[in-house]
Amino acid sequence: MYNLNIFQFSPIAENTYVLYNHKKQAIIIDPGCYGTKDEDTLKSFIETQELTPNLLLNTHCHLDHVFGNKFVFETWGLIPHIHRLEKQVLDYAPVAGLMWNLPFDNYSGELVYLEEGEITGLVGDPLEVIFTPGHSPGSISFYSAESGFVISGDVLFKGSVGRTDLPGCNSSDLSKSISEKLYKLPDSTIVYSGHGEATTIGAEKKSNPFVRG
């Protein structure tokens, strides 16, 4: 079973997740740390909780979800795990940063690629990789059946869905990812999104105005 802590980082108010188990092993998902204040907040939590970060996962590589990748690598030696279709998005992130007046020092080292159906996570605490493109070409979600949650990145939000007006987005793919992948999870599954509040699969199937179950 995972414990989960959420941090809201950067001017874009991105949700960064730290998952950890009873052995105090930890996973960092979508580190959106922008600047030393955010970095210190993340580092302080991990040190105060006496956690050992073992894994860095990215749901996708839009700039607000990768601001902190380099910091996490330099602090804990963790290599980003992404879908291979996100490599182009990661490479473009600094350009997007300049366009949004949010320049940052991008991670540019080794990558580990994850595929649909692959099992990642910590030993004894699996996370299933679900391929959920649309908001981004290689967006993936991380599902814990035991803990009853899915971390969906910017695919599905409480009462909304990810935007599809960015390079590499596709509205049809996004709808299919939600209806054919995420909505197949149990209704009780908690959805932790890249921005905003948590919701459940059942609630979104019933009332999401963009994709109904």
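**Exercise 1.** In the predicted model, where is Gly 168 found? Classify its accessibility and list its contacts beyond four places in sequence.

*Solution.*
Step 1. Gly 168 is found in the loop between strand E12 (160-161) and helix H5 (171-180).
Step 2. The relative accessibility of Gly 168 is 48%. Partly exposed covers values between 20% and 50%, so Gly 168 counts as partly exposed.
Step 3. Not counting residues up to four places away in sequence, Gly 168 touches Gly 134, Ser 136 and Pro 137.
Step 4. For Gly 168 and Ile 119, 49 residues apart along the chain, the C-alpha atoms are separated by 26 Å.

**Exercise 2.** Place Phe 71 in its element, and decide whether Phe 71 is buried or exposed.

*Solution.*
Step 1. Phe 71 belongs to helix H3, residues 69-76.
Step 2. Its relative accessible area is 14%. Buried means under 20%, so Phe 71 is buried.
Step 3. With neighbours within four places in sequence left aside, Phe 71 is in contact with Glu 39, Leu 42, Lys 43 and Trp 76.
Step 4. Tyr 183 lies 112 residues from Phe 71 along the chain, and their C-alpha atoms are separated by 34 Å.

**Exercise 3.** Describe the largest pocket and its lining.

*Solution.*
Step 1. The volume of the largest pocket is about 470 Å³.
Step 2. The lining has 22 residues; His 62, Leu 63, Asp 64, Trp 100 and Leu 166 lie nearest the centre of the pocket.
Step 3. Helix H2 (63-66) and helix H4 (87-99) are the elements that give two or more residues to this lining. H4 gives the most, with 6 residues.
Step 4. By class, the lining residues are 13 nonpolar, 6 polar and 3 charged.

Conventions: Residues numbered from 1 in each chain as written. Predicted model: local features only at pLDDT ≥ 70, side-chain atom pairs only at ≥ 80, totals over all residues. Heavy atoms only, no water. 1 Å grid on protein atoms, 1.4 Å probe; cavity = no way out; pocket = protein on both sides within 12 Å on 5 of 7 lines; lining within 4 Å. Points joined across faces, edges and corners; volume = space filled by probe spheres on them. Helix = DSSP H or I, 4+ residues; strand = E, 2+ residues; numbered from the N terminus. Nonpolar A, V, L, I, M, F, W, Y, C, P; charged D, E, K, R; others polar. Buried < 20%, exposed > 50% of the residue type's maximum accessible area, 1.4 Å probe, protein only. Contact = heavy atoms within 4.5 Å.
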